[in-house]
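I am going through this structure entry by entry and noting what I look up. Backbone outliers come before packing.

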Amino acid sequence: MKRFDMKYVSFLIIAAFIAAVIFAPVGVAAAGNDAEGVTEAENGVTDAGDGDENGKGQPELASFDELNGKTVSMLTGAPFEEKISSKAPDVKEFTYYTSMADMLLGLKSHKTDAGLINNAVAALAINKDSGLALFPENLGESTFGIAFKKGDERCPDWQTAYEKIPKETIDELWDKWTGADESVKVMMEQDWPGEAGAVTVAACDTLQPMSYVGEDGELCGFDCEIILLMAKELDIHVTFTGMDFAAALAAVESGKSDMACGSIVVTDERKEKMDFVDYYPAAFVLIVRSAKAEAKDASLWSAVKSSFDKTFIREDRYKLFISGILTTILITVLSIVFGTVLGFLLYMACRNGNKAANIFAKFFVWLIQGMPVVVLLMILYYVIFGKTEISGTVVSIVAFSFVFGAGVFGMLKTGVGAVDKGQKEAALALGYSDIRSFFRIILPQAVPHFLPAYKGEMISLVKATAIVGYIAVQDLTKMGDIVRGRTYEPFFPLISVAVIYFILGALMTFLIGKLEIGIDPKRRKREDILKGVDTDD
């Protein structure tokens, strides 16, 4: 069997990437169909109208009756099923997405038939993509809100601060963040002393134009700047933390954050759990496919170049991917190190039959391996460490160290169990102590038995870290989501994330493969095995 060779991996990656470009089922947006095409409209919603003679802008579904038998989607945490069912009682099913980009991709690829969002996000979406259209009937009106924990005494003060902001200023901000000119979308500086304290705001990081990651990698948007205006009035310093929509609401409920923002539409049901600062009119709207999408007038190569430029070059978005890669590597490497130590210590405590240690180890492994990792992450972040200042990255390392440690414990039991008991007896007979016989005789023979499983566990861990975005960690997958949220293009962000994970996994496989050769006598070269041994007759 040939040794692992990175050049073969590189060839396979390039071949797969080219094949994906050519045969991608979703395709890429035509060149020129970009944010620069966004137009302004009253309240941020472009009138669908009757469409032109080619059907551009005309919705595929035009009445609530036509929604019957269809699939309707919304963001996770958006409680609007009842509202839709009151208009279209025979909706086939409701589905949920964690980001707006994913929902729009599902709509374009016919995974769903309509997506419920608010008027602000709709304004950008339908103008960025001619394949989408505004459903002609809305589902009611409300207001956007900044969420506080129920009973938080600070909420009325922030409401009062908002009411002191001139209406002209608010309207100017709305035009600024929902308009076409990207050059003006810059956040105000926090140049006030902040003597009244500080707050942490959980902000959805993929809901342009309300709250999203800007070209400088920082959170920005209409919601964020409204909060800064209120904070200036109150002389409070603000720290924004980006996360998914559902996670932002959970962060406030758990006390992890003081406030939450990100296109949060105030509803009676949400008022039962939270208090809100009402700050701008909102409307519930549906986005559907256009009856006839605009024909692409650009060549495939031009479209690919345009998509590549928007994903990596524009606004230096490649830096987001680099940052995400470093975060993923940090979590993975430290989790492997701490998890290996944890699993090894746990095994050593149980090795000689300590009853209490074995009961604890059995319970620990049962608990960790029986729980979905995303649930473990959220319990640690929102419950166990909910009142602390521990970052999501640290919590992720703790969670994955537990997961990896449980795996290492099982591997050691299997590997050591495969070594003949006579080896220990012989070592003890030669005068070795129990500990010395384990490390000098038993463990070296056990390692080759569990090293392949250890390698597989490492590769699984690299891929498992893709879920840390649920607790506000901006890893590689999350950065891909952020870029998709800005460009509304799934192709290059998804392919790039997949290729990078493949490379990370291949590198780890390569390193462990080298280690396997070094400790397995059957795979080592004869001269390496006999190095330092006098073989002369």
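I started at Ser-263, which sits in the loop between β11 (259-261) and α10. The model is a predicted one, and in it Ser-263 has a phi near 55 degrees, a positive value in a residue other than glycine. I looked up its accessibility next: the relative accessible area is 5%, so Ser-263 is buried.

I then went to His-110, another non-glycine residue with positive phi, here near 65 degrees. Its place is the loop between α4 and β3 (114-118). Is His-110 buried or exposed? His-110 has 53% relative accessibility, and because the cut-off for exposed is over 50%, His-110 counts as exposed.

The helix before that loop was the next entry. Helix α4 covers residues 100-108, and 8 of its 9 residues are buried, so the rest of the structure largely encloses it. I listed the buried ones as Met-100, Ala-101, Asp-102, Met-103, Leu-104, Leu-105, Gly-106 and Leu-107.

I checked helix α9 (residues 245-254) in the same way and found 7 of its 10 residues buried, which leaves α9 mostly covered. Those buried in α9 are Phe-245, Ala-247, Ala-248, Leu-249, Ala-251, Val-252 and Ser-254. Gly-255, just after α9, takes a positive phi of about 85 degrees.

One more backbone item concerned the peptide bond between Gln-208 and Pro-209, which is cis with omega about 10 degrees. I located Pro-209 in the loop between β7 (206-207) and β8 (211-213).

Lys-271 came next, in helix α10 (residues 268-271). Its relative accessibility is 39%, so I entered Lys-271 as partly exposed. Which residues does Lys-271 contact, leaving aside neighbours within four places in sequence? They are Lys-150, Val-266 and Phe-276. For the pair Lys-271 and Lys-150, I noted a C-alpha to C-alpha distance of 8.2 Å against a separation of 121 residues in sequence.

I turned to totals. The protein has 20 helices and 12 strands. Of its 537 residues, 49% count as buried. I also noted that 78% of the contacts between residues at least 6 apart in sequence join residues at least 24 apart.

The largest nonpolar core was the next thing I looked up, and it has 151 residues. Those with the most contacts inside it are Trp-158, Phe-222, Ile-227, Met-230 and Phe-240. As background, nonpolar side chains in soluble globular proteins tend to be buried together.

I followed Trp-158 further. Beyond its neighbours within four places in sequence, Trp-158 is in contact with Phe-148, Val-199, Ile-227, Met-230, Ala-231, Leu-234, Ile-236, Met-259 and Val-277.

That led me to the pair α6 and α8. Helix α6 (residues 155-163) packs on helix α8 (residues 222-234) at an angle of about 100 degrees, with the axes 9 Å apart. I therefore entered α6 as roughly perpendicular to α8. From α6, the residues Asp-157, Trp-158, Ala-161 and Tyr-162 meet Ile-226, Ile-227, Met-230, Ala-231, Glu-233 and Leu-234 of α8. By class, I have 8 nonpolar, no polar and 2 charged residues in the contact of α6 with α8.

The second pair I looked up was helix α14 (residues 373-384) and helix α15 (residues 392-417), whose axes come within 9 Å and cross at roughly 130 degrees. α14 and α15 are therefore oblique to each other, and their crossing is right-handed. On the α14 side I listed Val-373, Leu-376, Leu-377, Leu-380 and Tyr-381, which meet Gly-392, Val-395, Ser-396, Val-398, Ala-399, Phe-400 and Val-403 in α15. The contact of α14 with α15 divides into 10 nonpolar, 2 polar and no charged residues.

My last entry is helix α16 (residues 421-429) with helix α17 (residues 434-464), packed at an angle of about 140 degrees with axes 10 Å apart. α16 and α17 are therefore oblique to each other. The crossing of α16 past α17 is right-handed. Gln-423, Lys-424, Ala-427 and Leu-428 of α16 make the contact with Asp-434, Ser-437, Ile-441, Ile-442 and Gln-445 of α17. How do these residues divide by class? I have 4 nonpolar, 3 polar and 2 charged for the contact of α16 with α17.

Note on methods: Residues numbered from 1 in each chain as written. Predicted model: local features only at pLDDT ≥ 70, side-chain atom pairs only at ≥ 80, totals over all residues. Heavy atoms only, no water. Core = buried A, V, L, I, M, F, W, Y, C linked by side-chain atoms within 4.5 Å. Buried < 20%, exposed > 50% of the residue type's maximum accessible area, 1.4 Å probe, protein only. Contact = heavy atoms within 4.5 Å. Axes fitted to C-alpha atoms, helices over the stretch in contact; angles between N-to-C directions. Helix = DSSP H or I, 4+ residues; strand = E, 2+ residues; numbered from the N terminus. Parallel < 35°, antiparallel > 145°, perpendicular 65-115°, else oblique. Left-handed = near helix turned anticlockwise from the far one by under 90°. Nonpolar A, V, L, I, M, F, W, Y, C, P; charged D, E, K, R; others polar.
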